[in-house]
Each structure stands twice: as structure tokens, then as C-alpha cells.
Amino acid sequence: MYLPTFQQLKLDPGRLHPFDSPLVSFSGDRVYPKGIVTLKVTIGAYPKQQTHHLDFLVVDCPSSYNVIIGRPTLNRWKEATSSYCLKVKFPTEDGVGEVKGDQVLARECYQAVLATGENHTWTIEEGKEDKVEDLETVELVEGESAKVARIGTTLSLEMKNRLVQFLKENLDVFAWSHEDMPDIPRQVIQHELNIDPEKKPIQQRQRFFAPERNQAITDEVNRLLQENFI
């Protein structure tokens, strides 16, 4: 919702709740919302109408529009939209409701957007990731440094001991290597390429990788061949 609309509705500014994340456009422009407000919105005409409480971000930037309703809300209303007919339809308990747009007004708004270069494509900038809990490495099989697990350091001593004991008692579910992953019988499931046997196979050109990546691919393929995975 744009700020002039919020003001024309004569809403109490005290209803705005803080919203810290900025909105970012594809061009990199940022705008910080004035806040977020919850309003009861009714669409359609009685009795074929829906009423919901919606959250609106209030932004102070020029626009030819009053409010932009996003896809999550349209999906919530189960709306079917026709931009060609300027109409939306939605289900209600009393039948199919509809909202019609104004062809002339829509054309004027669109021309104004083109003339002023307004930007109406915004996304909420993701905040900084929360600090991840520190982890410690626990050896599950004595003397085998490869068979370890990492658990949080904020666990109590009792919970830590119970968790480590639980992991040790269920070592059979860990796959430390390809040998620990027995193959599935082909009678159960098998992957095949979905190709037409009547078509002539075409060999793709050879692809080259960086030396270290090529070596990793070769090692992995050799391990899969050795264990009859492929």
C-alpha cells in the first residue's frame, strides 16, 4: 500500500507496526516501508464475496496505483485472473464472485507508469543469517576418525551423553562409504533413460573440466563401478 492511500483512508499511524527489512527492486533500488498494517478487506458484491484480514506494507514512493496485492493473497482467495478481460473470479459459499476492472482507468494508470518509469516489482531483502550454533565433533567409533558426528555445544551434559549413546546404538543406519549402501534389486526399481528406441543415438561433444574436478569425477565413477552401482 502506498502512503497517500494510507493517508486518504484516514488510518491511525499508530496502527503501523515496525518492519525493518527494505524492499529491493530488480534495479537494486531500496525503499524502507513505513511499517506494516493489518486491514479487513472484502472483495466482491454481497452475497458472493470474501472477507479476509490482510497485512499491507506501507511505502512512501510515487505510484499511479493505490495498492498492489501479491500472489500469496490471490492464491488464498483462489482467484482466477484474466488480464485481457480485466476481471477476477473467485469461489464463495453462494457461488462464483467476480470483480471487474475499469478499462479506461487501467489504461491511464498503465500509460502513467510507462511515462514516469515507476517500479512496481519489489522483493523483501533477506536479513542477515542468524548466528549458527557452534558444533563439536564426536567420534562414534573409537579409533576411526572418519566415523564422526557433529552436535551442538549448547546441549546439557546429560542430553549430550544421551544423544551420543543414541547415535552409537544406531550406527547401522549411517552410510560411511559405498560399501554401506547395498544396491536395490532391479526387480524393485531401476533407472532407465526415457528414449525412443527407433531414434538414432547422437553422441554429444566431449566436455572438459578443470583438472581437480575431472579427477574427482573419475574417482567417484570408479568407486561406483567397483561397488556395482553402475
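Before anything else, a word on terms: helices and strands here are DSSP runs, with at least four residues for a helix and at least two for a strand, numbered from the N terminus. With that in hand, take Asp29, which sits in the loop between strand 1, residues 23-25, and strand 2, residues 30-31. The model I am showing is predicted.

Let me stay with Asp29 for a moment. Its relative accessibility is 43%, so Asp29 counts as partly exposed. If you look from Asp29 to His17, the two are 12 residues apart along the chain, and their C-alpha atoms are separated by 23 Å.

Now the whole protein. The secondary structure comes to 5 helices and 10 strands. How does the radius of gyration compare with the globule rule? The radius of gyration is 30 Å, and the rule gives 17 Å for 230 residues, so the protein is more spread out than a compact globule. The C-alpha trace spans about 75 × 65 × 45 Å along the principal axes.

As for burial, 20% of the 230 residues are buried. The exposed area of the protein is about 18,800 Å², and 52% of that is supplied by carbon and sulfur atoms. On contacts, take those with a separation of 6 or more: residues 24 or more positions apart account for 45% of them.

Next, a second loop. Tyr84 lies between strand 5, residues 80-82, and strand 6, residues 87-92. Is Tyr84 buried or exposed? At 74% relative accessibility, Tyr84 counts as exposed, because the cut-off for exposed is over 50%. Tyr84 and Gln103 are 19 residues apart along the chain, and 9.9 Å separates their C-alpha atoms.

On to the charged side chains. How many salt bridges are there? The count comes to 5 salt bridges. One of them joins Lys160 and Glu136, with N to O at 3.2 Å. Lys160 belongs to helix 4 and Glu136 to strand 9, residues 135-139, so this pair ties together parts that are 24 residues apart in sequence. Both partners are at the surface to some degree: Lys160 is partly exposed at a relative accessible area of 24%, and Glu136 is partly exposed at 26%.

Another salt bridge is between Glu144 and Lys147, whose closest N and O atoms are 3.2 Å apart. Glu144 is partly exposed, with a relative accessibility of 35%. Lys147 is partly exposed too, with a relative accessible area of 23%.

Then there is Glu220 with Arg223, a salt bridge with an N to O distance of 2.8 Å. Where do these two residues lie? Glu220 and Arg223 both lie in helix 5, 3 residues apart, which is about one turn of the helix. Glu220 has a relative accessible area of 29%, which makes this residue partly exposed. Arg223 has 40%, and is likewise partly exposed.

Salt bridges also link Lys87, Glu98 and Lys100 in a network.

From charges to rings. The count of aromatic pairs comes to 1. Why is this pair called stacked? The ring centres of Phe174 and Trp176 are 5.0 Å apart and the planes are at 10°, so the pair is stacked. The cut-off that matters is that planes under 30 degrees apart count as stacked. Phe174 is partly exposed, with a relative accessible area of 25%. Trp176 is partly exposed as well, at 28% relative accessibility.

Last, the nonpolar surface. Which residues make the nonpolar surface patch? The patch is made by Met181, Phe209, Ile217, Val221, Leu225, Phe229 and Ile230, and covers about 590 Å². Met181 is found in the loop between helix 4, residues 157-169, and helix 5, residues 211-226. The relative accessible area of Met181 is 35%, so Met181 is partly exposed.

To recap, three items to find in the model. For the rings, go to Phe174 and Trp176, the stacked pair. For a salt bridge between a helix and a strand, go to Lys160 in helix 4 and Glu136 in strand 9. For the nonpolar patch, go to its seven residues, including Met181 and Ile230. That is all I have.

Methods:
Residues numbered from 1 in each chain as written. Predicted model: local features only at pLDDT ≥ 70, side-chain atom pairs only at ≥ 80, totals over all residues. Heavy atoms only, no water. Phe/Tyr/Trp six-rings, centres within 6.5 Å; stacked < 30°, edge-to-face > 60°. Buried < 20%, exposed > 50% of the residue type's maximum accessible area, 1.4 Å probe, protein only. Patch = residues over 30% accessible without salt bridge, like charges linked within 9 Å, V, L, I, M, F, W, Y side chains within 5 Å. Areas by Shrake-Rupley, 256 points an atom, 1.4 Å probe, with all protein chains shown as cover. Salt bridge = Lys/Arg side-chain N within 4 Å of Asp/Glu carboxyl O. Rg over C-alpha atoms; globule rule 2.2 N^0.38 Å. Contact = heavy atoms within 4.5 Å.
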